[in-house]
Amino acid sequence: MSEAMITTIGDAVAVGGRRTARKVVAIETRVAEAARLAGRDAHYGFPAHTAPAGAGLPCRHCLQWIEEGARATLFTFDPFSGVENLPLPGPVYVHADGCERYAEDGSLPVHLMKSPRTLNAYAAGRKLVAQEYVEEATAAEAIDRLMERQDVEYIHVRSTTAGCYTFRIERV
Ligand SMILES: [Zn+2]
């Protein structure tokens, strides 16, 4: 590949052969299933709670908004589990009646940015190297810019207003 050649990979762009392709990683199906079926989370064994959803809850498995009044399961999740040694557990919601996991094809769930999101960009070792506050119009550009940085290994997307973890973006 020549230096000038630009190739589209997924939803991102590789320039001069340097890959900046990304994938969006939702909570694993086995983790969501354990919480909604067993009534406790798979990692800590803390009780999960299922109730009709209020407004503004993103499902961390399908990465869609949970319809108000639909059954939602609230459980404890550590987004660093299996990635880093230092945990940071917190509450997350999934559809209580099951849903299809968000595809890891690099497309961004921009619809979730209707509510402000925080991008926490980490280097390996859970070292926070950048933090940006984004909304629907600014999220994609900010994510591309952060993933261009050599020191950024992955990004955690969180709710800016509630603080809760939403999903992860990592290199392909
Ligand atoms: Zn869902």
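Where does Arg-60 lie relative to strand 4 and strand 5? In this predicted model, Arg-60 sits in the loop that links strand 4 and strand 5. Let's look at the sheets on either side of the story and then come back to this residue.

**The sheet of three strands**

Strands 4, 5 and 6 make an open sheet, in the order 4-5-6, with antiparallel pairing. Strand 4 (49-52) and strand 6 (90-95) are at the edges with a single partner strand each, so one side of each has no neighbour in the sheet. From one strand to the next, the twist averages 30°. Strand 4 meets strand 5 (residues 71-77) through 4 bridges in the antiparallel sense, and if you want one pair to click on, Ala-51 has Ala-72 in strand 5 as its bridge partner.

Helix 1 (residues 29-38) lies across strand 4, strand 5 and strand 6. Its direction runs at about 115° to strand 5.

**The sheet of five strands**

A further open sheet has 5 strands, also paired antiparallel, in the order 3-10-9-7-8. Its edge strands are strand 3 (22-25) and strand 8 (127-134), each of which pairs on one side only. Here the twist averages 20° from one strand to the next. Within this sheet, strand 7 (residues 117-123) and strand 9 (residues 154-159) run antiparallel and are joined by 6 bridges; Thr-118, for instance, has Arg-158 in strand 9 as its bridge partner.

Helix 2 (residues 139-148) packs on this sheet and touches strand 3, strand 7, strand 8, strand 9 and strand 10 (165-171). The helix direction makes about 5° with that of strand 7.

The two strand pairs described above can be set side by side:

| Strand pair | Sense | Bridges |
|---|---|---|
| Strand 4 and strand 5 | antiparallel | 4 bridges |
| Strand 7 and strand 9 | antiparallel | 6 bridges |

**Back to Arg-60**

Is Arg-60, a loop residue, buried or exposed? Arg-60 counts as buried, because 24 C-beta neighbours fall inside 10 Å, and the cut-off for that label is 20 or more.

Which residues does Arg-60 contact, once its neighbours within four places in sequence are set aside? They are Ala-26, Ile-27, Val-92, Tyr-93, Val-94, Thr-166 and Phe-167. Val-92, Tyr-93 and Val-94 fall in strand 6 (90-95), while Thr-166 and Phe-167 fall in strand 10 (165-171). As for Ala-26, its C-alpha is 5.9 Å from that of Arg-60, although 34 residues separate the two in sequence.

Conventions: Residues are numbered from 1 along each chain as its sequence is written. This is a predicted model: local features need pLDDT of at least 70, side-chain atom pairs count only at pLDDT 80 or more; totals for chains, interfaces and linings use all residues. Two strands pair if DSSP finds at least two bridges between them. Helices (H or I, at least four residues) and strands (E, at least two) are DSSP runs, numbered from the N terminus. Axes are lines fitted to C-alpha atoms, for helices over the stretch in contact, and angles run from 0 to 180 degrees between N-to-C directions. Two residues are in contact if their C-beta atoms, placed from the backbone, lie within 7 Å. A residue is buried if 20 or more other C-beta atoms lie within 10 Å of its own, exposed if 12 or fewer, and partly exposed in between; C-beta atoms are placed from the backbone.
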